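Dear colleague,

I am handing over the structure we spoke about, and below it you will find my notes on what turned up when I went through it. Please read them with the coordinates open beside you.

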Amino acid sequence: MYWTKRHVLVCTSQHCNQKGAMDVLGRLRLEVIRRGLDTEIMVNNCGTIDLCDIGPNMVIYPDNIIYGGVTQKDIPDIIAFLQGGPVVERLQLLP
């Protein structure tokens, strides 16, 4: 593992997967690489984060942000956030 500024974990457990999580993960990885951000942002899949009923979900560290109900259409806004833009409030899950 190499050190990055942010680590994005995308749930690809069964329920999130059925809702398109692998498509979200693939598109996010592709956009991170296309924009040359792969030395700053690591994108991985993970098992459940116990929120699959509202998935696909992603957790972003060190920001401690959870986004839920993510689709491929949300990727540009998520990339903007990862580059220092505002939190994508419509996707953010709060305690």
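The structure, which is a predicted model, holds 0 disulfides. C46 is in no disulfide, and the nearest cysteine sulfur, which belongs to C11, is 5.3 Å away, whereas a disulfide would need the two sulfur atoms within 2.5 Å. C46 is nonetheless buried, with a relative accessible area of 17%, and C16 also counts as buried, at 0% relative accessibility.

Turning to the strands, β1 (residues 6-11) pairs with β3 (residues 58-61) in the antiparallel sense, over 4 bridges, and within this pairing the bridge partner of L9 is V59 of β3. Strand β3 also pairs with β4 (residues 65-67), again in the antiparallel sense, here over 3 bridges, and V59 stands opposite I66 of β4. The hairpin that β3 and β4 form has 3 residues between its strands, and N64 takes a positive phi there, near 55 degrees.

What holds the interior together in terms of contacts can be read from the largest nonpolar core, which has 21 residues, and in which V8, L28, M58, Y67, I78 and L82 touch the most other members. At least two residues of this core are supplied by each of β1, α2 (21-34), β2 (41-46), β3, β4 and α3 (75-82), and the largest share, 5 residues, comes from α3. Another core lies apart from this one and has 5 residues, among them C11, C16, A21 and C52. As for V8, leaving aside residues up to four places away in sequence, its contacts include L28, I41, M42, V43, M58, V59, I60 and L82.

Why do the buried residues of α3 line one face of the helix? The residues concerned are I75, I78, I79, F81 and L82, which are buried in α3, and seen down the axis of α3 they fall within an arc of 160 degrees, so they line one face. In general, an α-helix has 3.6 residues a turn, so residues three or four places apart point the same way. The buried residues of α3 pack against β1, α2, β2, β3 and β4, and the helix is followed by G84, whose phi is positive, near 110 degrees.

Two further residues may deserve your attention when you inspect the side chains. R6, whose place is in strand β1, counts as buried because its relative accessibility is 17%, which is under the 20% cut-off. The side chain of R6 makes a polar contact of 2.6 Å with the side chain of D63, and the R6 side chain also reaches the backbone oxygen of L82 at 2.7 Å. Not counting residues up to four places away in sequence, R6 touches several others, including E40, I60, Y61, P62, F81, Q83 and G84.

The other is T12, found in the loop between β1 and α1 (14-18), and it counts as buried at 16% relative accessibility. With residues up to four places away in sequence again left out, T12 touches N17, A21, M22, L25, N45 and C46.

With best regards

Methods. Residues are numbered from 1 along each chain as its sequence is written. This is a predicted model: local features need pLDDT of at least 70, side-chain atom pairs count only at pLDDT 80 or more; totals for chains, interfaces and linings use all residues. Side-chain values use heavy atoms; hydrogens and water are left out. Two strands pair if DSSP finds at least two bridges between them. A nonpolar core is a set of buried Ala, Val, Leu, Ile, Met, Phe, Trp, Tyr and Cys residues joined through side-chain atoms within 4.5 Å. Buried means under 20% relative accessible area, exposed over 50%, partly exposed in between (1.4 Å probe, protein chains only). Contact means heavy atoms within 4.5 Å. A polar contact is a pair of N or O atoms within 3.5 Å; within protein, one must be able to donate a hydrogen and the other to accept it, and residues adjacent in sequence count only if both atoms are side-chain atoms. The arc is that of the directions from the helix axis to the C-beta atoms.
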